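I am opening a new page in my notebook for a single protein chain. I want to go from the whole chain down to one residue, writing each finding as I look it up.

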Amino acid sequence: MNKLIVDRCDIDNGDVEIHLEFKDRITIVGGDSATGKTYTFNALKDMSSISDVPYIFIDYSSRNMFRAGIKDVKGCMIVIDNADILLTREDKENIINDTNNQYLIFSRSCVGYGLPIERLAEFKMDRETCKITMIYPYE
């Protein structure tokens, strides 16, 4: 897959504005607890029903689906929350080798994906204006 399925996503749910810009087919957003990862996962999930892009969401409630049938999926934006807990080494290898989909991975740890440091993202939160912006601090 040379072309990104999603290159930008802006969400304004009335409470918080979220701005995401994607530069690669695998984007890992790292950070400690309470940095907006799960909040953004849920906001994307809510927004996906009105999107033209096919999204698949993986979290505690759907982790078995990832192993069962994700290999047959093509052309989707796959969003994974709590990846540091849910994904095995084999899962990470499958993601790296999957050229048919794009991934947005939320994790406390960004280890084990073999991505260049420039592709690791984090959230910049502005509590005064209620904005969450995905940034690439190592570019």
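The entries below follow the order in which I looked things up.

**Entry on the model and its elements.** I note at the start that this is a predicted model. I looked up the secondary structure and found 4 helices and 8 strands in the chain, which, when I read along the sequence, follow the pattern β-β-β-α-β-α-β-α-α-β-β-β.

**Entry on overall size.** I looked up the spread of the C-alpha trace, which spans about 40 × 30 × 30 Å along its principal axes. The radius of gyration of the chain is 14 Å, and because a compact globule with 139 residues would have a value near 14 Å, the two agree.

**Entry on contacts and surface.** Among contacts with a separation of 6 or more, I found that 59% are between residues 24 or more positions apart. Of the 139 residues, 42% count as buried, while the accessible surface comes to about 7,700 Å², with 46% of it belonging to carbon and sulfur atoms.

**Entry on charge.** I found 17 positive and 23 negative side chains, and the centres of the two sets lie 4 Å apart.

**Entry on one residue.** I then turned to Thr-40, which lies in helix H1, residues 37-47. Is Thr-40 buried or exposed? Its relative accessible area is 0%, and since buried means under 20%, Thr-40 is buried. Leaving out residues up to four places away in sequence, I found that Thr-40 touches Ile-18, Leu-20, Phe-106, Phe-123 and Ile-132.

Notes:
Residues numbered from 1 in each chain as written. Predicted model: local features only at pLDDT ≥ 70, side-chain atom pairs only at ≥ 80, totals over all residues. Heavy atoms only, no water. Helix = DSSP H or I, 4+ residues; strand = E, 2+ residues; numbered from the N terminus. Rg over C-alpha atoms; globule rule 2.2 N^0.38 Å. Buried < 20%, exposed > 50% of the residue type's maximum accessible area, 1.4 Å probe, protein only. Contact = heavy atoms within 4.5 Å. Areas by Shrake-Rupley, 256 points an atom, 1.4 Å probe, with all protein chains shown as cover. Lys, Arg positive; Asp, Glu negative; His and termini not counted. Charge placed at Lys NZ, Arg CZ, Asp CG, Glu CD.
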